[in-house]
There are 2 protein chains.
Amino acid sequence: MAERKISQAIIRRLPRYYRYLGELLENGVERISSLDLSVRMKVTASQIRQDLNNFGGFGQQGYGYNVKYLYTEIGKILGLDVEHNIIIIGAGNLGQALANYTNFEKRGFVIKSMFDTNPRLHGISIRGIPVRMIEELSDYLNKNKIDIAVLTLPKTNAVDVAKIVVNGGVKAIWNFAHTDLHVPSDVLVENVHLSESLMRLSYNIANTKRG
Amino acid sequence: MAERKISQAIIRRLPRYYRYLGELLENGVERISSLDLSVRMKVTASQIRQDLNNFGGFGQQGYGYNVKYLYTEIGKILGLDVEHNIIIIGAGNLGQALANYTNFEKRGFVIKSMFDTNPRLHGISIRGIPVRMIEELSDYLNKNKIDIAVLTLPKTNAVDVAKIVVNGGVKAIWNFAHTDLHVPSDVLVENVHLSESLMRLSYNIANTKRG
């Protein structure tokens, strides 16, 4: 299954399938037709069938999809069957919001530690997650296997901190800092640029009014 | 300029141009060639020229781009020359993080009020922004012109609150709740689904390892 080449467009849609299937599961729905799923998700049934056919044999004519099976399989494709050790660098409001979001842990994203520069946060913990000082980061990474570093810190520090993280062997960065990180090609970066999202909304407001 | 049909791909790239030009301005750079900009942004010079040509005449052969002019013009295209009144619904960590992010205000996004269900937050203010109780929302919207409602609340409340917001005449929602909102076609929704972003990272981790 993993050998097949899957388009980026489908990959972008998979988490949304996963979310809808998770909600169906929570509501005790055991199976669903592509038509029913298409009505809920507001996409065409044929798109759903095409997308899910990429992963082979989930659906059965006249039966529909087995919700739990499909949910589990898409979870595997998304890498959610593996535990990921995470650290959050930047224990301000945004870092704390992410630390408090228990859904991440349910999906195998285990937050092991937070880091900050603010000495007032030294020694405290958030939902049981200790906050360490940024000076300890390099040493911590030498002693602990961390899969994902979350950067929730000002852009002025982000570039330097990303270097420490990369030198410490972390291969994936979830970047909320409002800057582009230039990292070696074997390090993955997923950016969340909130300002840019807000600007897209503002663009659409401007152009809807004019239109 | 606004009459021209601009592709969604370019619109997605515009905020990034805006960010780079803003940084150049901060650093006192007055003009820049498409080649120099392309090296900084890690895209091709020809892409930059093509993108910016859509808006006509910013660049001059042998001179390059006037940074301030280009920054201002892209800002106008993005609707940043207009002030937007914002409310944030959900004054938890994420809502407070957004309220504390002063850069939004610099770009004309003025946060007028926050709302929450938690009575302990009643009457407090965050960076001078008052927190009101959710029961006051409908009345508040009748008395104040709000352009954008930011939803930073649990998905269980988001759908109901979105209805109040839409009934109150708000035409744009910046949605952080982990659910799809079904709103009338004249209401714009820009989603920030953080879990889905994290899953894309996890997908890429899984497939880089296998590959």
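Trainee: What makes β6(A) and strand β7 of chain A a pair, and in which sense do they run, parallel or antiparallel?

Mentor: This is a predicted model, and in it β6(A) and β7(A), residues 129–133, are joined over 2 bridges in the antiparallel sense. Pairing asks for at least two bridges, so these strands qualify. One of the partnerships links Ser125(A) with Pro130(A) in β7(A).

Trainee: Where do these strands sit in the sheet, and what is the order of its strands?

Mentor: The order is β6-β7-β5-β4-β8-β9-β10 in chain A, an open sheet of 7 strands with mixed pairing.

Trainee: Why are β6 and β10 of chain A called edge strands?

Mentor: Each of them, β6 (125–126) and β10 (188–191), pairs on one side only.

Trainee: Which helix lies across β4, β8 and β9 of chain A?

Mentor: That is α8, residues 155–167 of chain A, and its direction is at about 170° to β8(A).

Trainee: Good, now loops. Why is Arg127(B) called exposed?

Mentor: Count its surroundings: 11 other C-beta atoms fall within 10 Å. The cut-off for exposed is 12 or fewer, so Arg127(B) is exposed. You can find Arg127(B) in the loop between β6 (125–126) and β7 (129–133) of chain B.

Trainee: What is the phi of Arg127(B)?

Mentor: Its phi is near 50°, a positive value in a residue other than glycine. Most residues other than glycine have a negative phi.

Trainee: How do you know that Lys42(A) is exposed?

Mentor: Use the same test: Lys42(A) has 8 C-beta neighbours inside 10 Å, and 12 or fewer is enough, so Lys42(A) counts as exposed. Lys42(A) is in the loop between α2 (34–41) and α3 (45–53) of chain A, and has a positive phi of about 55° without being a glycine.

Trainee: Which residues touch the most other members of the largest nonpolar core?

Mentor: Leu151(A) and Leu151(B) do, in a core of 110 residues. Beyond its neighbours within four places in sequence, Leu151(B) has contacts including Ile89(B), Val161(B), Ile173(B) and Phe176(B).

Trainee: How many residues does each chain give to the contact between the chains?

Mentor: Chain B gives 43 residues and chain A gives 41 residues. On the side of chain B that touches chain A, α9(B) supplies the largest share, 16 residues. By class, that side of chain B holds 24 nonpolar, 13 polar and 6 charged residues.

Notes:
Residues numbered from 1 in each chain as written. Chains lettered and ligands numbered in written order. Predicted model: local features only at pLDDT ≥ 70, side-chain atom pairs only at ≥ 80, totals over all residues. Helix = DSSP H or I, 4+ residues; strand = E, 2+ residues; numbered from the N terminus. Contact = placed C-beta atoms within 7 Å. Axes fitted to C-alpha atoms, helices over the stretch in contact; angles between N-to-C directions. Core = buried A, V, L, I, M, F, W, Y, C linked by C-beta atoms within 7 Å. Buried ≥ 20, exposed ≤ 12 C-beta atoms within 10 Å, placed from the backbone. Nonpolar A, V, L, I, M, F, W, Y, C, P; charged D, E, K, R; others polar.
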